[in-house]
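Student: I have a model open and some labels to check. Can we go through the reasoning behind them?

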Amino acid sequence: MPGKLRSRGRDDSARFSTATRLRVLGEQTAERVYRSQNKRQARRSRLTGRAALLALVVCTLVVALAYPIRQYVSQRGEIADLQRQQQKARERVDRLRDEKARWQDDAYAEQQIRERLHMVMPGETGYVVPDPRSTESGRTEQGEADRPWYSNVWDGVDKADRAN
């Protein structure tokens, strides 16, 4: 029985200490859970307020800057279009200046007169070769700018005669 006495003494102290340990362990666990829940709730409430304020500030900035940014982008597009038009106008002015300078040359002017008006110098014989693709009816089908000037004149005379 000495073993029983010994074990009984141990059981009382072991049971007491185990029960005490379990109770203390349970309390510690409960405190940890309570503290973690409180921290989460505290974080959530602080974070939610900050997040709401941040979202409000961001939305305000977006609304405040949306129209000016849209205007800026559209104006940049207009500026680019105007610069392209200006470059085209400069190129056209340069071409016209070159053409004006060419017309100042008598040889170029004479060449153009001969070519466009089918004129010949005294003593020369002029020939007009009709286009084999065109026919008599093709004369009226061509655009006025594509035909020689005298064709346009004769068409005008023909139209005037038909009107009477």
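Student: Why is W149 called partly exposed?

Tutor: This is a predicted model, and the relative accessible area of W149 is 43%. Buried means under 20% and exposed means over 50%. W149 falls in between, so W149 is partly exposed.

Student: What makes W149 and Y150 an edge-to-face pair?

Tutor: Two values. The ring centres of W149 and Y150 are 6.0 Å apart, and a pair needs centres within 6.5 Å. The planes of these two rings stand at 80°. Over 60 degrees counts as edge-to-face, so W149 and Y150 earn that name.

Student: Is Y150 buried or partly exposed?

Tutor: Partly exposed, because its relative accessibility is 27%. The limit for buried is under 20%.

Student: How many aromatic pairs does the structure hold?

Tutor: Two. In one of them, the rings of W103 and Y108 have centres 5.4 Å apart and planes at 85°. The angle is over 60 degrees, so W103 and Y108 are edge-to-face.

Student: Which label does W103 get, and which does Y108 get, buried or partly exposed?

Tutor: W103 has a relative accessible area of 31%, so W103 is partly exposed. Y108 has 17%. That is under 20%, so Y108 is buried.

Student: Why is R147 called buried?

Tutor: Its relative accessibility is 9%. The cut-off is under 20%, so R147 counts as buried. R147 lies in the loop between α3 (138-141) and α4 (149-163).

Student: How do you know that the side chains of R147 and D155 make a polar contact?

Tutor: By distance. The contact between R147 and D155 is 2.4 Å, and the limit for N or O atoms is 3.5 Å. The side chain of R147 also has a polar contact of 2.7 Å with the side chain of N152.

Student: What is notable about phi of H118?

Tutor: Phi is near 55°. That is a positive value in a residue other than glycine. H118 sits in the loop between α2 (106-117) and α3. Its relative accessible area is 39%, so H118 is partly exposed.

Student: What makes V57 eligible for a nonpolar surface patch?

Tutor: V57 has 41% relative accessibility. Patch residues need over 30%, so V57 passes that cut-off. V57 lies in helix α1 (residues 2-104). The patch is formed by L53, L56, V57, L61, L65, I69, Y72 and V73. Together they have about 800 Å² of accessible area.

Terms used. Residues are numbered from 1 along each chain as its sequence is written. This is a predicted model: local features need pLDDT of at least 70, side-chain atom pairs count only at pLDDT 80 or more; totals for chains, interfaces and linings use all residues. Side-chain values use heavy atoms; hydrogens and water are left out. Patches are made of residues with over 30% relative accessible area and no salt bridge: like charges are joined within 9 Å, nonpolar side chains (Val, Leu, Ile, Met, Phe, Trp, Tyr) within 5 Å. Accessible areas come from the Shrake-Rupley method with a 1.4 Å probe; for residues, only the protein chains shown count as cover. A salt bridge is a side-chain nitrogen of Lys or Arg within 4 Å of a carboxyl oxygen of Asp or Glu. Helices (H or I, at least four residues) and strands (E, at least two) are DSSP runs, numbered from the N terminus. Buried means under 20% relative accessible area, exposed over 50%, partly exposed in between (1.4 Å probe, protein chains only). Rings of Phe, Tyr and Trp (its six-membered ring) pair if their centres lie within 6.5 Å; planes under 30 degrees apart count as stacked, over 60 as edge-to-face and the rest as tilted. A polar contact is a pair of N or O atoms within 3.5 Å; within protein, one must be able to donate a hydrogen and the other to accept it, and residues adjacent in sequence count only if both atoms are side-chain atoms.
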